[in-house]
Amino acid sequence: MTQPILGESNSDFDHNAPGEPLVSDEIALPFPILCARIHERVTAFLKEKNVSSRVQSVQEQTRISLGVIAEALERFSLPEISLSYNGGKDCLVLLILYLCALHTAGLTRSTPNNFESNHHEPIQCVYIQSAHPFTEVEEFVASSVKTYSLSLVEYAKPMKAAFADYLHDTPSVKAIFVGTRRTDPHGEHLKHFDPTDHGWPKFMRIHPVIDWHYVDIWTFIRQLKIPYCVLYDRGYTSLGGTTDTHPNPALLCQPTTPHLPKTNNSNGATNGTINGSSTPKFRPAYELMDDYEERLGRDK
Ligand code: FAD
C-alpha cells in the first residue's frame, strides 16, 4: 500500500482555475458522447508530464483501477454488472473510471455506426437510502442519474436486506463495483475481486479504488473538475445520515488562523464565522490530508 505524500496540500489548488467542469446536469449528453468526453479527459490527465509526485501517484492508481475495471468487463457482461452508488466521492470516482473504461472497451453504444444514438446497456446502479438522508445527498444522486444516464434502483432498508432484494429484483446481476478503500472499516484485507462474505447475498464485490488514499480521490476529482455533492464544501468528509454525520472537526476554521483565504468556498466561510456570526465554519473536504481523519465527523 502506498503512503500519502507528505508536505503537499490540497489547498495548493487554484480555486478559480479556468476550465470547464467535466459534466453538467443542465445538459445531459448522449451516453456515447458522455463516455468519450470522460475518456478524453482521463487520457489527457494520464498523459500530463512534469506533474507533482502526488499527481503521478494518482495517475498510477488510475491506470491500476482502469485495469481492474477492464478485467471485470472481460469476466462479466454488462447486465451482470452493477455499481453501488451513494453519491459519495469514492463511488463518484469509480463511476467516472467505469464510464471511461466502457468507452475504451467499445461498450457505449449498441449501433456502432451511429455515434449520436443514445441506445446503450443501462449503467445499473443500486442506492441504499440512509434512514435519515441528507437532502443534499439525495439531490446529488438524482442529478447523477440525469447526468450519467444511470439506471438506479433505490432501497430504504438495512444493507444486507437491500442487496437480497436487489438480486431478487435484478437477477442478472452477478458482480457489483464498490468504492471502498483500504482505510475504510472492513477495507483492510479486501482485494480487487472478493465474493461477498458468508451470510451476505452472493455476488462478486469489485473494488477498483481499494488502494486510493483520501488525497488521491480529491486530487482526481479536482484535476478532472468532476462536480461533487455540496456537503463536501461544508467540511463533511464522509457521508452517512443526518443523525450520525457532522462536518469534520479537523476542518474547523480557526478565527485566528492567519493563512486562511478570506473566502471563496461555496459555504461562504470566512475565518471561522460567516458575516461575523458565531456559527462554526469548516474548510472544504479536499483540504484534509490524513486518511485516518476522514471519519472524524462520523459517529459510527
Ligand atoms: P462508505 O465508505 O461510505 O462507502 C464505501 C462504498 O460502499 C461507496 O463508495 C459505495 O460504493 C458503497 N456504499 C456505501 N454506502 C452505500 C449506500 N448506502 N448505497 C449504495 N452504495 C453504498 N460487509 C460485510 O461484512 N461483508 C460483505 O460481504 C459485504 N458486502 C458488501 C457489498 C456491497 C456492494 C456493499 C456496498 C457493502 C457490503 N458490505 C459488506 C458492507 C461494507 O463492508 C460496509 O459496511 C458498508 O459499505 C458501509 O461502509 P462505509 O460506511 O465505510 O461506506
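**Figure 1. Residues around the ligand in the predicted model.** The ligand is surrounded by 24 residues, a residue being near a molecule if one of its heavy atoms lies within 4 Å of it. Ser 84, Ile 128, Gly 179, Asp 197 and Arg 295 come nearest. By class, this shell holds 12 nonpolar, 6 polar and 6 charged residues. Ala, Val, Leu, Ile, Met, Phe, Trp, Tyr, Cys and Pro count as nonpolar, Asp, Glu, Lys and Arg as charged, and the others, Gly among them, as polar. This is a predicted model, in which local features need pLDDT of at least 70 and side-chain atom pairs count only at pLDDT 80 or more, while totals for chains, interfaces and linings use all residues. Residues are numbered from 1 along each chain as its sequence is written, and side-chain values use heavy atoms, with hydrogens and water left out.

**Figure 2. Polar side-chain atoms at the ligand.** A polar side-chain atom of Asp 197 lies 2.7 Å from a ligand nitrogen atom. On the oxygen side of the list, Arg 295 places a polar side-chain atom 3.0 Å from an oxygen atom of the ligand, and Arg 298 has one 3.5 Å from an oxygen atom of the ligand. On its own the ligand has 880 Å² of accessible area, of which the protein covers 85%; areas come from the Shrake-Rupley method with a 1.4 Å probe.

**Figure 3. Secondary structure elements in the ligand shell.** Helix 3 (89-104), strand 2 (123-128) and helix 5 (159-169) each give two or more residues to the shell around the ligand. Strand 2 provides the largest share, 3 residues. Helices (H or I, at least four residues) and strands (E, at least two) are DSSP runs, numbered from the N terminus. The chain has 6 helices and 6 strands, in the order α-α-β-α-β-α-β-α-β-β-β-α along the sequence.

**Figure 4. His 186, a residue with positive phi.** Most residues other than glycine have a negative phi. His 186 has a positive phi, near 70 degrees. His 186 is found in the loop between strand 4 (175-177) and strand 5 (193-195). With a relative accessible area of 77%, His 186 is exposed; exposed means over 50%, buried under 20% and partly exposed in between (1.4 Å probe, protein chains only).

**Figure 5. Lys 225, after helix 6.** Lys 225 is not a glycine, yet its phi is positive, about 55 degrees. The residue is found in the segment after helix 6 (214-223). Lys 225 is partly exposed, at 25% relative accessibility. Across the chain of 300 residues, 49% are buried.

Conventions:
Polar contact = N/O pair within 3.5 Å; in protein donor to acceptor, adjacent residues only side chain to side chain.
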